Amino acid sequence: MPRSAAGPALAALVLLAAVPARAEPVLQRSDLVETLAQGLFCATSETGRMEAPDTEFGWIHIPEEPIAMRQRGSVAPAVLGIGFGLEYTLTGDAPILIRHVVEHPPMPASGRTRQSWESWALGGVPEIIFFQFDLEEELLPGRWTFIALAGEAEVFRAGFDVVPPDAAPHLAGLCSGGDLLALSR
């Protein structure tokens, strides 16, 4: 039977279409957001706690000293002491109650895939939300998503790919030697 030159090319296209492409992490913001950047953080010593019943341990750490983004990007190595999250500023000047939601692979002990807590954000004032690995069982490679809600309205959504340390060796030592802080416990 004669073969058409289009045959192999068509077969290659069909094969390529069958292989799922790795999607880039999502970064979306509403009109309530003036600035939004995602990246990696290293926290200072634990200074306080806030009750957060919808988290793995029922509370989150509250740093007393300012936290600064150390590296921009959407890839985070699964290394104790590394934090990843967002720096954002809301528009206007009114305070807004924000529900911060972090979706992640299942935590080993509980199977929990979603944690959340509320805090006030003031328009025009930079805010930070991040999750820092503090315990071995939190080192879960996969897609992690941060969502901010004002009531039912989505304020922003940002995805991160958490990878094994050898997949991002240039980032794995970012927080070496510092104190550990997790916003999950």
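Y88 has E127 in strand β10 as its bridge partner. This is a predicted model. The points below cover the sheet that contains β10, the largest pocket, whose lining β10 helps to form, and the residue T145 in strand β11.

**The open sheet**
- An open sheet is formed by four strands, in the order β5-β2-β7-β10, and their pairing is antiparallel.
- At the edges lie β5 (69-72) and β10 (127-132), each of which pairs on one side only.
- From one strand to the next, the twist averages 40 degrees.
- Six bridges join β10 to strand β7, which spans residues 83-90, and the two run in the antiparallel sense.

**The largest pocket**
- The volume of the largest pocket is about 410 Å³.
- Its lining consists of 20 residues, and those closest to the pocket centre are I62, P63, E127, I128 and I129.
- At least two lining residues come from each of β4 (59-61), β9 (114-122) and β10.
- Strand β10 gives the largest share of this lining, with four residues.
- Sorted by class, the lining has 14 nonpolar residues, three polar ones and three charged ones.
- E127 thus appears under two topics: E127 is the bridge partner of Y88, and E127 is among the lining residues closest to the pocket centre.

**Residue T145**
- T145 belongs to strand β11, which covers residues 142-150.
- T145 counts as buried because its relative accessibility is 13%, and buried means under 20%.
- Apart from neighbours within four places in sequence, T145 is in contact with V101, V102, E103, R157, A158 and G159.

Technical notes:
Residues are numbered from 1 along each chain as its sequence is written. This is a predicted model: local features need pLDDT of at least 70, side-chain atom pairs count only at pLDDT 80 or more; totals for chains, interfaces and linings use all residues. Side-chain values use heavy atoms; hydrogens and water are left out. Two strands pair if DSSP finds at least two bridges between them. Axes are lines fitted to C-alpha atoms, for helices over the stretch in contact, and angles run from 0 to 180 degrees between N-to-C directions. Buried means under 20% relative accessible area, exposed over 50%, partly exposed in between (1.4 Å probe, protein chains only). Contact means heavy atoms within 4.5 Å. On a 1 Å grid over the protein atoms alone, a cavity is a set of points where a 1.4 Å probe fits but cannot get out, and a pocket is an open set with protein on both sides within 12 Å along at least five of seven lines; lining residues have an atom within 4 Å of a point. Grid points are joined across faces, edges and corners, and a volume is the space filled by probe spheres set on the points. Ala, Val, Leu, Ile, Met, Phe, Trp, Tyr, Cys and Pro count as nonpolar, Asp, Glu, Lys and Arg as charged, and the others, Gly among them, as polar.
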